Amino acid sequence: MVRVIPVRCLNLQEYQSKKIMADHGVTVQRFFVADNSQDALEAAKRLKAKEIVLKAQILAGGRGKGSFTSGLKGGVHLTKNPDEVGKLAKQMLGYNLITKQTTKDGVKVNKVMVAEALDISRETYLAILMDRAFNGPVIVGSPQGGMDIEEVAATKPELIFKEVIDIFEGVREDQALRMAANMGFKGLLRQQAAEEIKKLYHLFLKVDAVQVEVNPFGETPDGQ
């Protein structure tokens, strides 16, 4: 008897994840992807944003504090000048980016994401994952995002909240609202956050994911 065991070998880069989220109605900032410096420059001009963020695309964390074999420091750069995007992209594309999660040789950067930089007044954390302890999906949230969630769990476990989801029933309205409140959203923002949580759960099911993580799950100064 031959038994076939399916194995998942799919890891998505940031721009791919954002595209899937946007396709499922989740709110993400405007962005373009480029594989050469000229396209990166043109993308920056097309955005017509007050500020632009340029991010090297590799499957590794710690990009912001990484360094390139070209000599450039940092895999994430903010600028208000579109012309700078082309110059920075030239020092990223085709070079290896070395971070705390790569080997000493780093990983070659073949694409960059050119995105609208958003002001974030508050950073929270949200993830949806399959948890064997509960035999199904669990939503994990925290009012403290933008950092390693493992560090939050280790130092401030009381700031980690969980909602166990019935796979047949899905996310209930009260669960989404409770998680939004636990993440620190109030008033109209609480309802907005709950709607985003439900959209993310729909995405989680639709693409047959084992984990969807948003860090930071941000709040903007204008109440979005």
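This briefing covers nonpolar cores, a surface patch and some backbone features of the structure above. The model is predicted, so that local features need pLDDT of at least 70 and side-chain atom pairs count only at pLDDT 80 or more, whereas totals for chains, interfaces and linings use all residues. Residues are numbered from 1 along each chain as its sequence is written, and side-chain values use heavy atoms, with hydrogens and water left out.

**Nonpolar cores**

- The largest nonpolar core (a set of buried Ala, Val, Leu, Ile, Met, Phe, Trp, Tyr and Cys residues joined through side-chain atoms within 4.5 Å) has 25 residues, and those with the most contacts inside it are Leu126, Ile139, Leu200 and Phe217.
- Two or more residues of this core are given by each of β8 (122-131), α5, α6 (187-206) and β11 (211-219), where helices (H or I, at least four residues) and strands (E, at least two) are DSSP runs numbered from the N terminus.
- Helix α6 provides the largest share of this core, eight residues.
- Apart from this core lies another, of 22 residues, among them Ala40, Ala44, Ile52 and Ala89.
- Leaving aside neighbours within four places in sequence, Ile139 is in contact (heavy atoms within 4.5 Å) with residues including Leu126, Ile128, Phe161, Val171, Met179 and Ile197.

**Helix α5**

- Gln175, Ala176, Leu177, Met179 and Ala180 of α5 are buried, buried meaning under 20% relative accessible area, exposed over 50%, and partly exposed in between (1.4 Å probe, protein chains only).
- These buried residues of α5 pack against β8, β9 (136-142), β10 and α6.
- Gly184, just after α5, takes a positive phi of about 100°.

**Surface patch**

- Ile167, Phe168 and Leu205 form a nonpolar patch on the surface, with about 370 Å² of accessible area together; such areas come from the Shrake-Rupley method with a 1.4 Å probe, and for residues only the protein chains shown count as cover.
- Patches are made of residues with over 30% relative accessible area and no salt bridge, like charges being joined within 9 Å and nonpolar side chains (Val, Leu, Ile, Met, Phe, Trp, Tyr) within 5 Å; a salt bridge is a side-chain nitrogen of Lys or Arg within 4 Å of a carboxyl oxygen of Asp or Glu.
- Phe168 lies in the loop between β10 (161-164) and α5 (173-182), and is exposed, with a relative accessible area of 83%.

**Backbone features**

- Most residues other than glycine have a negative phi, and most peptide bonds are trans.
- Asn135, in the loop between β8 and β9, has a positive phi of about 55° although it is not a glycine.
- Asp208, in the loop between α6 and β11, has a positive phi of about 55°.
- A cis peptide bond, with omega of about 15°, joins Asn215 and Pro216, and Pro216 lies in strand β11.
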